[in-house]
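Biologist: Got a minute to walk me through this one? I'd like to start with the ligand.

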Amino acid sequence: MKKVAVFPGSFDPFTIGHEAIIRRAINLFDEIIIAVGANALKKNFYSLETRKEMINKVFENEPRVTVDHYEGLTVDYCRKKGAGYLLRGLRTSADFEFERAIGQVNKAMAPGIESVFLLTVPEHSFINSTIVRDIIINGGDASRFVPAAINLNDYKGISDQENVT
Ligand code: ADP
């Protein structure tokens, strides 16, 4: 059976930490779906469409990686896509505690879906989307923290657009 994994997240924005996890996981699965969570209650900087466009750019030459979005429970989305694996990255012990709870709840709800965790390389363990977003919002150069294929100047954040008169 085809091994399909879902890599869920907010990806606001997608960072080199996310990219590295996908590139390492690509040889473990036949297909990886990067699934951007569309949470109406969460205030995002980049719109859903922008986040998907950025990620698509990174993997445009990688047919085994696709980009999608979803609402609702991640395990329901996995079932809908026929995915048997949930891929997550682990940076710190805080990540571990958070992921442990989610992973165990997901296992209780969907016993057939396995969560797979990859440890980040040390150089990426301090990179998180919140900090990268703060750098961008405050006019700093965040280019070294996002994949080379993403030119941040090509994308506007939602609050930037609101500020355009
Ligand atoms: P979420 O909203 O679920 O926190 P993120 O976009 O922040 O979504 O992260 C999605 C996944 O990527 C999570 O499993 C997270 O632990 C992992 N991740 C985030 N940043 C890194 C990084 N620098 N290195 C490795 N994994 C990471």
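Modeller: Sure, one term to begin with: I call it a polar contact when two N or O atoms lie within 3.5 Å of each other. The model is predicted, so local features need pLDDT of at least 70 and side-chain atom pairs 80 or more, while totals for chains, interfaces and linings use all residues. Numbering runs from 1 along each chain as its sequence is written, and side-chain values use heavy atoms, with hydrogens and water left out.

Biologist: Fine. Which atom of I127 lies 2.9 Å from a nitrogen atom of the ligand?

Modeller: A backbone one, N or O. H124 also uses a polar backbone atom, 2.9 Å from a nitrogen atom of the ligand. With F11, a backbone N or O atom sits 2.9 Å from a ligand oxygen atom.

Biologist: And how much of the ligand's accessible area does the protein cover?

Modeller: 88% of the 550 Å² that the ligand has on its own, going by Shrake-Rupley with a 1.4 Å probe.

Biologist: How many residues surround the ligand?

Modeller: 17, with S10, F11, G89, H124 and I127 the closest; to count, a residue needs a heavy atom within 4 Å of the ligand.

Biologist: What's the mix of classes in that shell?

Modeller: 5 nonpolar, 7 polar and 5 charged. Gly goes with the polar ones, and charged covers Asp, Glu, Lys and Arg.

Biologist: Which elements each supply at least two of the shell residues?

Modeller: Two strands, β1 (4-9) and β4 (85-90), plus two helices, α1 (16-25) and α4 (93-109). Those are DSSP runs: H or I over at least four residues for a helix, E over at least two for a strand.

Biologist: Back to F11. Where does it sit, and what is its phi?

Modeller: F11 is in the loop between β1 and α1, and its phi is near 50°, positive although F11 isn't glycine. Most residues other than glycine have a negative phi.

Biologist: What joins D12 and P13?

Modeller: A cis peptide bond, omega about 5°. P13 belongs to the loop between β1 and α1.

Biologist: New topic, the whole fold. How many helices and strands?

Modeller: 6 helices and 5 strands, in the order β-α-β-α-β-α-β-α-β-α-α along the sequence. The chain's radius of gyration is 16 Å, close to the 15 Å from the globule rule for 165 residues, so it's as compact as a globular protein of that length. That radius is over C-alpha atoms, and the rule is 2.2 Å times the number of residues to the power 0.38.

Biologist: What box do the C-alpha atoms fill?

Modeller: Roughly 50 × 35 × 30 Å along the principal axes.

Conventions. A polar contact is a pair of N or O atoms within 3.5 Å; within protein, one must be able to donate a hydrogen and the other to accept it, and residues adjacent in sequence count only if both atoms are side-chain atoms.
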